[in-house]
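Grab a coffee and work through these exercises with the model open beside you. Each task is followed by a solution that goes step by step.

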Amino acid sequence: IKCGQYGDISALSHNPMKTLAALGEAGSVLTDSIEIKERLDTLRYNGMIHKEVLSEVSLNYRMDTLQAAVLNQRLKKLDTSIEIRNSNALLYDSLLKNTELKLPSTQANEVHAYYTYTVLAEKRDQLMNFLSQSGIEVKIQHPILMPNQKHYVNYKREIDNALELADKILCLPIGCHLQSNNIEFICDKVRVFYGQ
């Protein structure tokens with residue numbers, strides 16, 4: 001089962017950081033419905049039909065041809081890309097299983113796309129600095145939670161669990177470009193940091 005297989009309509013991001021990435025901002029919409037497809041065709045081009053008749057007000061949402069061509073080529077390699085990411089994740093899992101990190105997990109019947117390999121780390125900021133000093137690029141995905149953004153101050157909710165997790169999340173490199181020796185190097189540095 002793949003993303004976009006269920007429901008009448010699905011929207012996918014192809015941001016350059018995603019598993020199926022364009023070179024710039026891009027996205028796609030999936031549907032089996034002829035009616036929805038025809039409406040989307042109209043909406044993507046200022047609400048125009050046949051580039052002449054305005055049927056409803058919209059914006060210009062067309063993906064440019066270059067992005068579409070890149071995505072068409074990358075789509076052919078998507079399954080291989082996900083297999084490589086899963087292989088990289090399994091190597092991380094085996095090398096980091098006895099560390100202080102909380103590792104991502106999946107159910108037996110699931111296949112993860114590993115857009116990121118996100119761990120929960122005690123002393124996260126210190127670990128991040130240590131890895132960065134070793135030449136390892138790590139990231140904190142979304143360090144400021146939406147309820148903490150100034151424009152959402154009136155929508156505050158109890159988010160104690162989210163706040164605790166936000167102080168621990170860290171994304172380790174997982175891309176298809178990594179070789180096993182790269183992951184072994186990263187894991188060695190994590191173990192050194194935690195004195196293991």
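Contact here means heavy atoms within 4.5 Å. Helices (H or I, at least four residues) and strands (E, at least two) are DSSP runs, numbered from the N terminus. This is a predicted model, in which local features need pLDDT of at least 70 and side-chain atom pairs count only at pLDDT 80 or more, while totals for chains, interfaces and linings use all residues. Residues are numbered from 1 along each chain as its sequence is written, and side-chain values use heavy atoms, with hydrogens and water left out.

**Exercise 1. Find Arg124, decide whether Arg124 is buried or exposed, and list what Arg124 touches.**

Step 1: Look in helix α4, where Arg124 lies.

Step 2: Apply the cut-offs: buried means under 20% relative accessible area, exposed over 50%, and partly exposed in between (1.4 Å probe, protein chains only). Arg124 has 7% relative accessibility, so Arg124 counts as buried.

Step 3: Leave out residues up to four places away in sequence, and Arg124 touches Ile140, Ala166, Asp167, Lys168, Ile169 and Leu170.

**Exercise 2. Describe how helix α4 packs against helix α6.**

Step 1: Take the axes, which are lines fitted to C-alpha atoms, for helices over the stretch in contact; angles run from 0 to 180 degrees between N-to-C directions. For α4 (residues 124-133) and α6 (residues 180-193), the angle is about 130 degrees and the axes are 10 Å apart.

Step 2: Name the geometry. Angles under 35 degrees count as roughly parallel, over 145 as roughly antiparallel, 65 to 115 as roughly perpendicular and the rest as oblique. The packing angle therefore makes α4 oblique to α6.

Step 3: Add the hand. A crossing is left-handed if the near helix is turned anticlockwise from the far one by less than a right angle, and right-handed if clockwise. The crossing of α4 past α6 is right-handed.

Step 4: Pick out the residues. From α4 come Gln126, Leu127, Phe130 and Leu131, and they meet Ile186, Lys189, Val190, Val192 and Phe193 of α6.

Step 5: Sort them by class. Ala, Val, Leu, Ile, Met, Phe, Trp, Tyr, Cys and Pro count as nonpolar, Asp, Glu, Lys and Arg as charged, and the others, Gly among them, as polar. The contact of α4 with α6 has 7 nonpolar, 1 polar and 1 charged residues.

**Exercise 3. Do the analysis again for α3 and α6.**

Step 1: The two axes come within 10 Å and cross at roughly 30 degrees. That angle makes α3 roughly parallel to α6.

Step 2: This crossing of α3 and α6 is right-handed.

Step 3: On the α3 side, the contact is made by Asn88, Leu91, Tyr92, Leu95 and Leu96; on the α6 side, by Ser180, Ile183, Glu184, Ile186, Cys187, Val190 and Arg191.

Step 4: By class, the contact of α3 with α6 holds 8 nonpolar, 2 polar and 2 charged residues.

**Exercise 4. Work out which way the side chains of strand β6 point, and how β6 pairs with β5.**

Step 1: In β6 (residues 169-172), Ile169 and Cys171 point one way, Leu170 and Leu172 point the other way, and all are buried.

Step 2: Two strands pair if DSSP finds at least two bridges between them. Strand β5 (residues 117-120) pairs with β6 in the antiparallel sense, over 4 bridges.

Step 3: For a landmark, find Tyr117, which stands opposite Leu172 in β6.

**Exercise 5. Place two loop residues, Val138 and Leu101, and say what each one contacts.**

Step 1: Val138 sits in the loop between α4 and α5 (160-166), and at 11% relative accessibility counts as buried.

Step 2: Beyond its neighbours within four places in sequence, Val138 is in contact with Met128, Leu131, Ser132, Leu170, Cys171, Leu172 and Pro173. The C-alpha atoms of Val138 and Pro173 are 6.4 Å apart, with the two positions 35 residues apart along the chain.

Step 3: Leu101 belongs to the loop between α3 and β5, and is buried with a relative accessible area of 8%.

Step 4: Not counting residues up to four places away in sequence, Leu101 touches Leu96, Val119, Leu120, Ala121, Leu127, Val190 and Tyr194.

**Exercise 6. Compare the phi values of Tyr114 and Lys123.**

Step 1: Most residues other than glycine have a negative phi.

Step 2: Tyr114 has a positive phi, near 45 degrees; Tyr114 is in the loop between α3 (78-96) and β5 and is buried at 5% relative accessible area.

Step 3: Lys123 also has a positive phi, of about 55 degrees. Lys123 is in the loop between β5 and α4, and is exposed at 52% relative accessibility.
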